[in-house]
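Student: Could you take me through the aromatic rings in this one, with a close look at a single pair?

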Amino acid sequence: MKSSYKLLGIALAAMALTSCGDDFLTVESPTQVPHEEYYKTMPHIEEAVVAAYDPLQWTDWSNDNYEPYLLMSDIMADDLWVGGADKNDNQNWHLMFNYEASPLKVIKSIWIDGFSGIKRCNDVLGYLKVEDIEGATDERIAAAKAQVLVLRAFYANWLWKFYGNVPYYSENLTAPYISKQISADELYGFMVADIEEALNIKALPWKADAASYGRVTTPMAYMLYTEIVMYQNDTERYKKALGFMEEIIASPDYTLNPDYAAIFEEPGEWCSESIFEINYISENASRDWGAPLLAGGTVLPTLISPNNWPSGQDGHNTGWGFCPVRKSTYEMFSADDTRRDATCWDVRAFDGTYNKRYQDEGFFLQKYSARADGNAGQVASGELNYNNNWRIYRYSETLLNAAELIVNTGGDVAKAHRYLNDVRHRAGLQIEKQPTIDNIIDERRLEFVGEGKRYWDLIRTGKAAATLTPDEYGYRTNTWSPNKKYLPIPQSEIDKSNGTLTQNPY
């Protein structure tokens with residue numbers, strides 16, 4: 001917003017009507033509140049808190065790129081292909097898939113959106129430092145601060161995992177907007193500190209009510225903390241993370257949904273299993289071509305559904321044919337595992353026609369597929385406005401996190417056994433498995449296909465180099481190696497840094 005402005009015509013008129021002096025040169029807007037005044041009221045600061053949530057929705061389509069962060073990690077793993085028309089369709093994705101992304105050919109919206117989120121969180125923290133905020137109470141200030149601290153860590157987590165060594169700032173920059181690049185280990189320290197500070201404030205709710213679905217809660221902060229601690233292999237914090245998981249498990253507010261498939265239907269949003277989701281809505285959704293950041297639905301279902309699929313056939317709409325599920329992914333499930341059909345939409349028996357695109361083996365990701373009524377009520381472009389919330393943290397992950405942490409800390413193996421097999425029993429599997437790290441990681445793979453977990457699991461457990469190897473079809477010809485852990489920093493960011501950014505080795 002404009003704080004004040006100078007207009008020559010008004011100034012000249014004022015000169016004829018007033019005595020000499022400088023005050024007449026500044027004319028206050030009759031309709032707009034100056035920025036420095038607007039954010040001196042608590043309701044307006046709380047508007048800024050809402051704005052800090054906005055970039056959560058952007059990675060599926062912004063900055064002229066489709067980069068849903070869940071799938072950007074999954075295509076580097078071993079459950080999905082890239083698909084599309086050919087290797088030149090969303091070429092950046094195909095290069096990532098084969099571990100040959102370059103500074104000029106690399107995803108960049110996650111970089112931009114992550115820093116946009118951090119900037120908005122910093123805005124709020126800056127506003128909260130002002131004295132005499134109208135309408136402020138200790139409770140409202142604490143709630144605002146705790147939310148944006150966790151959100152700032154959430155956005156930093158994107159940058160940390162994908163790019164590693166990035167510039168970081170906890171107060172917004174001024175011209176020339178250059179910040180020191182820090183190591184991935186340093187960034188990890190900032191994220192942990194933010195989450196711990198937010199939790200120490202004790203202002204986050206335990207469970208959101210319907211009016212605040214999508215807001216940060218204490219269990220969401222626990223899950224984020226545990227995710228980054230486990231990815232960092234920070235063994236000194238494992239017991240603390242395990243305590244967080246045990247606290248969620250002990251609560252009656254979170255349980256496994258008996259029906260796995262129902263979790264990913266619209267009525268399953270914010271069910272008892274849901275700890276955190278990114279909200280999308282189709283009703284009155286106005287996201288449109290040329291306006292990707294408007295409120296509304298997600299383009300993810302369109303991206304991943306079969307191309308030219310007959311409208312309404314099998315309860316689905318058409319899509320663009322990206323990220324088809326591998327046949328080997330379908331086959332890794334046993335026939336009695338209810339997760340198989342809830343995860344893999346098998347179109348091999350379809351007796352009609354659709355446009356079978358690159359790498360299509362007849363399977364698509366059912367969890368986020370374009371349902372026939374999934375964009376009902378949208379008022380702009382139907383393909384951009386599906387109502388599928390992204391499931392970020394689920395209670396099943398809490399159980400599997402706890403099981404893994406128990407094994408890694410020498411804890412109660414009987415508990416770990418129960419947690420692992422609770423997840424298996426929900427899937428209809430009767431054969432129990434022992435809580436070894438290998439078994440737990442295998443179960444995570446079955447549980448979270450298409451949810452952005454697998455690639456990071458392989459890296460943090462040291463399994464990536466042996467698992468992510470050339471495939472039998474010749475699609476992936478390179479083997480993952482530790483120097484591929486981080487993507488190249490986009491060259492456009494290097495060029496703008498005035499020599500302060502060092503490129504990741506690649």
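Tutor: Here's a walk through one aromatic pair and what surrounds the topic. This is a predicted model, where local features need pLDDT of at least 70, side-chain atom pairs count only at pLDDT 80 or more, and totals for chains, interfaces and linings use all residues. Residues are numbered from 1 along each chain as its sequence is written, and side-chain values use heavy atoms, leaving out hydrogens and water.

Rings of Phe, Tyr and Trp (its six-membered ring) pair up if their centres lie within 6.5 Å; planes under 30 degrees apart are stacked, over 60 edge-to-face, and the rest tilted. That rule gives 41 aromatic pairs. Take Trp81 and Tyr475: they sit edge-to-face, 4.9 Å centre to centre with 80° between the planes. Trp81 is in the loop between α4 (69-74) and α5 (91-97), and Tyr475 is in the loop between α18 (464-467) and α19, so this pair ties together parts 394 residues apart in sequence. (Helices here are DSSP runs of H or I, at least four residues, and strands are E runs of at least two, numbered from the N terminus.)

What about burial? Buried means under 20% relative accessible area, exposed over 50%, and partly exposed in between, using a 1.4 Å probe and protein chains only. Trp81 counts as buried at 2% relative accessibility, while Tyr475, at 25%, counts as partly exposed.

Trp81 has another partner too: Arg326 lies over its face, 3.9 Å from the ring centre. For that, NZ of Lys or CZ of Arg must be within 6 Å of the ring centre and within 35 degrees of the ring normal. Arg348 does likewise over the face of Tyr330, at 5.2 Å from the ring centre.
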